[in-house]
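Student: I'm new to this one and a bit lost. Could you pick a single part, look at it closely with me, and then work outward from there?

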Number of protein chains: 2
Amino acid sequence: MSASIVGLGQTEFSKNAGRSETRLAAEAILAALADAGLTVADVDGLVSYTIDPVEETELVRTLGIPAVTWSSRVPYGGGGSQGVIQHAAAAVSYGAARTVIAYRACKTRSATRYGSADVRPASSGHGGTTATQWCLPYGVLTPASWMSLNATRYMHDHGVTSADFGRAVVQLRDYAATNPNAHFHGRPITLDDHQSSRWIAEPAIRLFDCCQETDGAVALVITAADRAADTPQPIDIVAAVAAAPFEEEVATNHYTADLAVMGSTRLMAQRLFERTPRDDVDVAMIYDAFTPMLFMQLEALGFCGPGEAKDFVADGNLGPAGRLPTNTNGGLIGEGYIHGLNLTGEAVRQLRGASVNQIPDARTAVVSAGRTGLLLRRP
Amino acid sequence: MSASIVGLGQTEFSKNAGRSETRLAAEAILAALADAGLTVADVDGLVSYTIDPVEETELVRTLGIPAVTWSSRVPYGGGGSQGVIQHAAAAVSYGAARTVIAYRACKTRSATRYGSADVRPASSGHGGTTATQWCLPYGVLTPASWMSLNATRYMHDHGVTSADFGRAVVQLRDYAATNPNAHFHGRPITLDDHQSSRWIAEPAIRLFDCCQETDGAVALVITAADRAADTPQPIDIVAAVAAAPFEEEVATNHYTADLAVMGSTRLMAQRLFERTPRDDVDVAMIYDAFTPMLFMQLEALGFCGPGEAKDFVADGNLGPAGRLPTNTNGGLIGEGYIHGLNLTGEAVRQLRGASVNQIPDARTAVVSAGRTGLLLRRP
């Protein structure tokens, strides 16, 4: 039985939500159910991230869900983010549940700041970052610094400059500027602005290359395709896949044969595009925690060859009239960082024709979070 | 596509393993793969508990798994334990993976002692025990004390005594006595021994009513049924279900309408026995963290009516010649506590005809962990 995304809900995205993650999750879920024309009484499955702080029993109490027959958590943080849709689709396929909620609620600014140095011991939340313990003593302390090692190698191999990254950011900020939910609503930038922003991890990552630490929640409702037909705006899950080759670790991957290649995304894309040509894709959502990851995923996904992302971007292909309009909500850099799940939401909006930066007649969307990804289609 | 358990492996069970949980997991997994006639190269899915300390990236490195295309974690600790088989079966059913490992590695004695008072803040590991924060200030500090409130109500409602519980424990210890892997190997007890053991939580739980804090690991290999046919000893997963009605929390459930009833197990059993009569069951594995839970599950599973467990047990029905031979490895009380997954292992052994306490011609087994459960069958 194939599955569909039938509901989407979210809170406002802010720097200080002023309420608990459990409440944020509940608000997003109620909005998603209303959007689907369903109620809490329909829910029988719950999926989130291992590192999401919401305790499921508390969420069930808060919402009054009558019974839960599927519960799962996806490891690997943002890299695993699209795994929540894979889990939900599998639960529906197996008959374990009929209406599954996938959610993420976080306060990555007002609670645990995700941009800060993380010196907690490893092996706590299944974030897939155990290798950080080998880097921490050398000052590789923050997500930006983890990524900068890979990015620096990528820049070296292909002659990519910070200005190349900047051209993508200008586009993301253009999208964000027209999105009222975006942190950078009404605040587009020029390439000069990008190049004037301070270094976070020289020579790869400037301030404007970084995603936003954000408080908020996103929830999606997934049902079996037969039930989806009774909902107002279903979107089909054509494929929901995960892939991690040996020694591929999401954010702290410094042990692979080629640091300049996202091997997990390559393998993930093989599975994603098994039966669908890449040319079918009308719009893309690509995990942009930092700009270099966006470039490396464009290549690993097969939308351009190794080292070609800089020209692909410079030619305007991420824009509304380009070959691959990308992160039309402004991305994690421009809209906010609900750990990747707000990208899934924007894909759904595009396929419904409801984005503020709508791509005309968008019918097929790809979502990539590095090691997990989706292919979604308007029925 | 239905799924089968095709491999089983475990470490020794001890009070001090003297090595890491990651190594314990790896040892159990290698044993399970050898048992299935498969290799690490076949593995593409990994499932464990949210509170399992093994970081998946470390496990992949340790074993050399070529690529992982399904990763999931089951919340709710031991109550959720059989959910790992549900996840694995769903992953196979959805085509997300072909060979999934379900594992649990723990050192509940030499590392975090599970019988000790837990005063950590809630909402950390998705253990499903957030409500404990309301009980802690009143001295309800340990798993035994959590359960004793429900058990005391159960005893009051149905006139159950500690000696009634003791009769079940004598049987569990008889099974353990002949099991070389059991903590209580060679150490059967009498009812007097049970009644002389000290109170842990009067009037419900004596020392001998408690499961063993144990170091060790168990791993199972799950594949699609078509691939299973090529393995030496496949066991079919007839049903793998989870169920939690509103306000049902595994171990700290003091907020339900009737404390003496395990409502999650009732709902779980409805789903488990949808197409299979209970009379088909030849052998049962029932989560016996503490003896009263075993009684309450016997009733909630529908093997006897409310309050009838004490007579069911007194009549010898848990024994080798009884109507429902139960926990033939000695259970969590007699063998050890790998958080419920060693019960799954014993079910597999029974259906293969390989238990040290083999029930003749056992063809169908039920496994209950309160809110998750399995129905397994020899093909």
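Tutor: Happy to. One term comes up right away: a residue counts as buried when its relative accessible area is under 20%, as exposed when that value is over 50%, and as partly exposed in between. Keep in mind, too, that what you're looking at is a predicted model.

Let's take B:Thr69 as our part. You'll find B:Thr69 in the loop between strand E3 (67-68) and strand E4 (70-74) of chain B. Is B:Thr69 buried or exposed? Its relative accessibility is 5%, and because the limit for buried is under 20%, B:Thr69 counts as buried. Now look at what surrounds it. Setting aside neighbours within four places in sequence, B:Thr69 is in contact with A:Gln86, A:Ala242, A:Ala243 and A:Arg271 from chain A, and with B:Asp44, B:Ala96 and B:Ala97 from chain B. In other words, this loop residue of chain B has contacts in both chains.

Let's follow one of those contacts, A:Gln86. In H3(A), A:Gln86 is among the residues that meet H3(B), along with A:Ala89, A:Ala90, A:Ser93 and A:Tyr94. On the other side, H3(B) brings B:Gln86, B:Ala89, B:Ala90, B:Ser93 and B:Tyr94. Sorted by class, this helix-to-helix contact has 6 nonpolar, 4 polar and no charged residues. And how do the helices sit? The axes of helix H3 (residues 83-94) of chain A and helix H3 (residues 83-94) of chain B come within 8 Å and cross at roughly 90°. That crossing makes H3(A) roughly perpendicular to H3(B).

Next, try A:Ser72, which belongs to strand E4 (residues 70-74) of chain A. With a relative accessible area of 0%, A:Ser72 is buried. Not counting residues up to four places away in sequence, it touches A:Leu46, A:Val47, A:Ser48 and A:His87 in chain A, plus B:Arg73, B:Pro75 and B:His87 in chain B.

A:Val54 is another one worth finding. It sits in the loop between strand E2 (45-49) and helix H2 (56-63) of chain A, and at 0% relative accessibility it counts as buried. Apart from neighbours within four places in sequence, its contacts include A:Glu21, A:Thr22, A:Leu59 and A:Tyr103, as well as B:His126 from chain B. For a sense of distance, A:Val54 and A:Glu274 are 220 residues apart in sequence and 35 Å apart in space, C-alpha to C-alpha.

Now zoom out to the whole interface. Here 52 residues of chain A are in contact with 52 residues of chain B. The size of an interface is often given as the accessible area lost when the parts come together. For chain A and chain B that comes to about 4,100 Å², with 51% of it on carbon and sulfur atoms. How many salt bridges cross between chain A and chain B? The rule finds 0.

The chains do have salt bridges elsewhere, though: the structure holds 28 over all chains. Side chains of opposite charge can pair when their charged atoms come close. In chain A, for instance, A:Glu12, A:Arg19, A:Arg23 and A:Glu27 are linked in a network of them.

Chain B has some good examples as well. B:Arg104 pairs with B:Asp52, and their closest N and O atoms are 3.0 Å apart. B:Arg104 is in strand E5 (residues 99-107) of chain B and B:Asp52 is in the loop between strand E2 (45-49) and helix H2 (56-63), so this salt bridge ties together parts 52 residues apart in sequence. Both partners are buried.

Compare that with B:Arg378 and B:Asp361, a salt bridge whose closest N and O atoms are 3.0 Å apart. B:Arg378 lies in the segment after E13 of chain B and B:Asp361 in the loop between helix H13 (341-352) and strand E12 (364-368), so the parts tied together here are 17 residues apart in sequence. B:Arg378 counts as partly exposed at 26% relative accessibility, whereas B:Asp361 is exposed at 63%.

One last salt bridge joins B:Asp280 and B:Arg377, at 4.0 Å from N to O. B:Asp280 is in the loop between helix H9 (263-272) and strand E11 (283-286) of chain B, B:Arg377 is in strand E13 (residues 372-377), and the two are 97 residues apart. B:Asp280 counts as partly exposed, at 34% relative accessibility.

Terms used. Residues are numbered from 1 along each chain as its sequence is written. Chains are lettered from A and ligands numbered from 1 in the order in which they are written. This is a predicted model: local features need pLDDT of at least 70, side-chain atom pairs count only at pLDDT 80 or more; totals for chains, interfaces and linings use all residues. Side-chain values use heavy atoms; hydrogens and water are left out. Helices (H or I, at least four residues) and strands (E, at least two) are DSSP runs, numbered from the N terminus. Buried means under 20% relative accessible area, exposed over 50%, partly exposed in between (1.4 Å probe, protein chains only). Contact means heavy atoms within 4.5 Å. Axes are lines fitted to C-alpha atoms, for helices over the stretch in contact, and angles run from 0 to 180 degrees between N-to-C directions. Angles under 35 degrees count as roughly parallel, over 145 as roughly antiparallel, 65 to 115 as roughly perpendicular and the rest as oblique. Ala, Val, Leu, Ile, Met, Phe, Trp, Tyr, Cys and Pro count as nonpolar, Asp, Glu, Lys and Arg as charged, and the others, Gly among them, as polar. A salt bridge is a side-chain nitrogen of Lys or Arg within 4 Å of a carboxyl oxygen of Asp or Glu. Buried area is the accessible area (1.4 Å probe) that two parts lose on being put together, summed over both.
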